[in-house]
Amino acid sequence: MARTQLDDVTKVFTDDDGSDIVAVDDVSIDIADGEFLVLVGPSGCGKSTTLRMIAGLESITGGEIRLDGRLINDVPAKDRDIAMVFQSYALYPHMTVKENMSFGLEESTDLSEDEISARVEKTAQMMGIGDLLDRTPGELSGGQQQRVALGRAIVREPAVFLMDEPLSNLDAKLRAQMRTELQHLQEELGTTTVYVTHDQTEAMTMGDRIAILNDGELQQVGTPLECYHEPANLFVADFIGEPAMNFIEVTRREGDGDGAVLVGDRLEYRVSADIAEATEGRSDLVLGVRPEDIEIEFDQEAEQRVNGHEVSATITVVEPTGDENIVYLSLDDEEGVSVTERVDGDVSDTIIATVDGMTRVESDDRVAAHIPEDAIHVFDAESGDALHNRRVDATEPRIENV
Ligand code: ATP
């Protein structure tokens, strides 16, 4: 178990024609002892390179990596007390499960054969593969192979686990199951874990904290809910959450009193003093609202009213997922004509809302969409920085401990 610190870590590759590729750009993350940190971001953002630098499989161009305070920049991979699990299970095909799991211990420790056997068996039981120890990888399913690969890392009892998309070869159901198992396991073992994925759902559900990368640059580090409700910028707001947050381009105009008005193509949204103050002096802004925060009122021929927080819209598409309906809304313009009626195929004025799965919704329904002010985010259009995030109230526990 170990605290793992990255201080201004940078990796520059040189490609064939001699130009530099900055894969990881000045990244600093302080990972606590026993923490489960998920590194997430789109393909090519530098996740694997960061992990490989921690493992010692890639040299570091700049910055420092420390394990429990000890600088490990130049420590060879085998001496770092770190175990890595890859997307490809990389098991030795001619060895049995038991041999695959024992191999690393035989090579790198002076444990006796009996001690190795005992450790392998204990780990195999914990991983639910106790009765597969004599099989070879070719005789196992993908899920079982992945358990062996994880077991092989666990049996080493390392200070840190590094996992690079370890579940991505599994089908959706098994993946969800392994996600939960892996979390339980990590809690039980208490081993510091850095887990790489491009899947935001995996990041949200597994991490104590998540670190979001884009183009080699760290965008935000925080708990999943912090990143969801209080994104640092447009990139994070867009990346975290499915369906994604809605974004509406607006310009800011002074309003009555202390307020301001966010003026878009299809709405004039009045905001009160705190948001007006947070956006003071800016002109081009982006108003963000999550699909689940938009309240849809049916049976209502909607018109712009109440501070412009309610706009009339026409449902264009409904995607039922069972527990909810994902509803695509085309905002009406001033004449009350739906945008898609006028501009065929133009979906730029479409926003997405989610409603309960039991609610009957159909395309062409005309509705009122209410965008509550306490749920909106406002970003600077140029820098992407969040100027205002939604209100987050501390919630009361539903069940009191007696
Ligand atoms: P993915 O999810 O697709 O695996 P990633 O976020 O893990 O992506 P990296 O593999 O870390 O991204 O790559 C980051 C950047 O560095 C990419 O632009 C990639 O092309 C580049 N890169 C990675 N390895 C090398 C290398 N050995 N030589 C040159 N460029 C590299």
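A salt bridge is counted where a side-chain nitrogen of Lys or Arg lies within 4 Å of a carboxyl oxygen of Asp or Glu. In the structure described here, which is a predicted model, this rule gives a count of 16 salt bridges. One of the pairs that satisfy the rule is formed by Arg119 and Glu157, whose side chains meet with a nitrogen-to-oxygen distance of 3.6 Å. Because Arg119 belongs to helix H3 (residues 113-126), whereas Glu157 sits in the loop between helix H4 (142-154) and strand S7 (160-164), this salt bridge ties together parts of the chain that are 38 residues apart in sequence.

Aromatic contacts were examined in the same model, and a search of the whole structure finds four aromatic pairs. For the rings of Tyr92 and Phe103, the centres are 5.2 Å apart and the planes stand at 70°, so this pair is classed as edge-to-face, a class that applies to planes over 60 degrees apart. Tyr92 is found in the loop between strand S6 (82-85) and helix H2 (97-108), while Phe103 is part of helix H2 itself, and the pair thereby links distant parts of the chain, with the two positions eleven residues apart in the numbering.

On a wider scale, the domain assignment divides the chain into domain 1, which covers residues 4-238, and domain 2, which covers residues 244-388. The C-alpha centres of these two domains are separated by 40 Å, and the contact between them involves eight residues of domain 1 and twelve residues of domain 2. About 830 Å² of area is buried between domain 1 and domain 2, and carbon and sulfur atoms give 59% of this area. On the side of domain 1, the residues that lose the most area to domain 2 are Tyr228, Leu234 and Ala237, which together account for 60% of what that side buries.

The polar side of this interface was considered separately. Although salt bridges occur elsewhere in the model, as the pair of Arg119 and Glu157 shows, the count between domain 1 and domain 2 is zero. Four residue pairs in polar contact are nevertheless found across the interface of the two domains, with both residues of each pair at pLDDT 80 or more. Helix H7 (224-229) and helix H8 (234-239) are the elements that give two or more residues to the side of domain 1 touching domain 2, and helix H8 gives the most, with three residues. By residue class, that side of domain 1 is made up of five nonpolar residues, two polar residues and one charged residue.

Key:
Residues numbered from 1 in each chain as written. Heavy atoms only, no water. Domains from an automatic or database assignment. Contact = heavy atoms within 4.5 Å. Buried area = accessible area lost by both parts, 1.4 Å probe. Polar contact = N/O pair within 3.5 Å; in protein donor to acceptor, adjacent residues only side chain to side chain. Helix = DSSP H or I, 4+ residues; strand = E, 2+ residues; numbered from the N terminus. Nonpolar A, V, L, I, M, F, W, Y, C, P; charged D, E, K, R; others polar. Phe/Tyr/Trp six-rings, centres within 6.5 Å; stacked < 30°, edge-to-face > 60°.
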